[in-house]
Amino acid sequence: MKIKEAVRLTGLTRKAIYYYEQAGLLAPATDSSNQYRIYTSDDIERLRYIRTLRRLGMPIRDIQTMLQHPEQAVSLLRKQLTRIETAASELEHCRNALSVLIEAAEQAPEDGGRSRIREADLWADAAEQERKRRDDYMRRKLMELFPGTMGKFMALHFGAFLHEPLAGEDKESAWKRLVDYVDGIEPFDIPPALAAQIDRMSEAEIEEAAAAYRESLQRFISPTEPEYESLKEEMRRQAEQFGKLPFNREQVALTRQLKDSLDRAGFYDVFVEQMRILSADYRNYLETLGRLQRDLNLRYDDYGMLTI
């Protein structure tokens, strides 16, 4: 059957189905005469399975693992159940805090609930502790602690790696050092064009972009040797073509401008080192990048162009 029928039978949009294909969750056959996708009954059942898991909040990467390794389904489903239970507990604490403030405000409308703010804070603290157990805690917290362009920038570019709970003394300490550092540095210069683009994005769009970025980076995180060799060849071709496209010069100029600004602020010496502690994926990502740079001798020339 064709895409129109697949949409009807699954309740998914065309774009959702195409996205799942690009993410490697589905591989329908193609009609050689017209290149149209042909979906089988097995494909439809697979899409329904994916749809159900997504409606339950299951991350794409976990669904991909479940499809490739069904024996891991129980542990991943339990992991998602824990996420939901944590969120439910967090909301219950928030409900209690709000109930305290509402009760106080009803009794003394003139103070708006301030007379019982300490009691409400205890519930809010309990909610914060539950929140730390969530995969997205650090990414969301960056936007809360640093409202505006800086918080969005960090959530967008580093949030893709911040999908581990904030648990353990090492992580707690690294998180405190990271927050203290960012809070104390002078504002760094984000190129105006990039800043304007980030400013236009809502928090929901930042979350969506960070998730998409995370999916695109999976190949760089602990690749197998065959995957690494394929990635290396792809990077070689991209580097060879990079300087031939005029718009790349503008993009690299913006990147270099931002990197120089961050270097002057000591950003990579402090922030990046804390990121290594907070995210195993980030450590693996940097390791793969370093290996690619060494194997391909990648560098930026004096004009800011990527070369081999």
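Select Ser222 to begin the tour: with a relative accessibility of 47%, this residue counts as partly exposed, because that class lies between the buried limit of 20% and the exposed limit of 50%. Keep in mind from the start that this is a predicted model. Ser222 sits in the loop that runs between H11 and H12, and its phi angle is near 50°, which is a positive value in a residue other than glycine.

From this loop, step back to helix H11 by selecting residues 203–217. How far apart should the ends of this helix be, at 1.5 Å a residue? The 15 residues of H11 should span 21 Å, and the C-alpha atoms at its two ends are indeed 21 Å apart, so the expected span and the model agree.

Stay with H11 and colour Ile206, Glu207, Ala210, Arg214 and Leu217, which are the buried residues to look at here. Because they cover an arc of only 100° around the axis, they are on the same side of H11. Now turn the helix around and select Ala204 and Glu208, two exposed residues carried by the face that is turned away from the buried side. To see what covers the buried residues of H11, display helix H4 (60–68), helix H7 (137–145), helix H8 (149–157) and helix H15 (280–296), which are included in that cover.

The next stop is the largest nonpolar core, which has 45 residues; select Met154, Trp175, Leu178, Val182, Phe271, Met275 and Leu278, the members that touch the most others. Among the helices that each supply at least two residues to this core are H11, H12 (225–242) and H14 (267–278), while H9 gives the most, with six residues. Zoom in on Leu178, which, when residues up to four places away in sequence are not counted, touches Leu142, Phe271, Gln274, Met275 and Leu278. Apart from this core lies another, of 21 residues, and you can find it by selecting Ala6, Ala16, Ile50 and Leu53, which are among its members.

Finish with the pair H14 and H15, whose axes are 5 Å apart and which pack at an angle of about 115°. Which residues of H14 meet residues of H15? Select Val272, Met275, Arg276, Ile277 and Leu278 on the H14 side, and then Ala280, Tyr282, Arg283 and Leu286 on the H15 side, since you can then view both halves of the contact together. Sorted by class, this contact of H14 with H15 has seven nonpolar residues, two charged residues and no polar ones.

Terms used: Residues numbered from 1 in each chain as written. Predicted model: local features only at pLDDT ≥ 70, side-chain atom pairs only at ≥ 80, totals over all residues. Heavy atoms only, no water. Helix = DSSP H or I, 4+ residues; strand = E, 2+ residues; numbered from the N terminus. Expected span 1.5 Å × (residues − 1). Buried < 20%, exposed > 50% of the residue type's maximum accessible area, 1.4 Å probe, protein only. Arc of directions from axis to C-beta. Contact = heavy atoms within 4.5 Å. Core = buried A, V, L, I, M, F, W, Y, C linked by side-chain atoms within 4.5 Å. Axes fitted to C-alpha atoms, helices over the stretch in contact; angles between N-to-C directions. Nonpolar A, V, L, I, M, F, W, Y, C, P; charged D, E, K, R; others polar.
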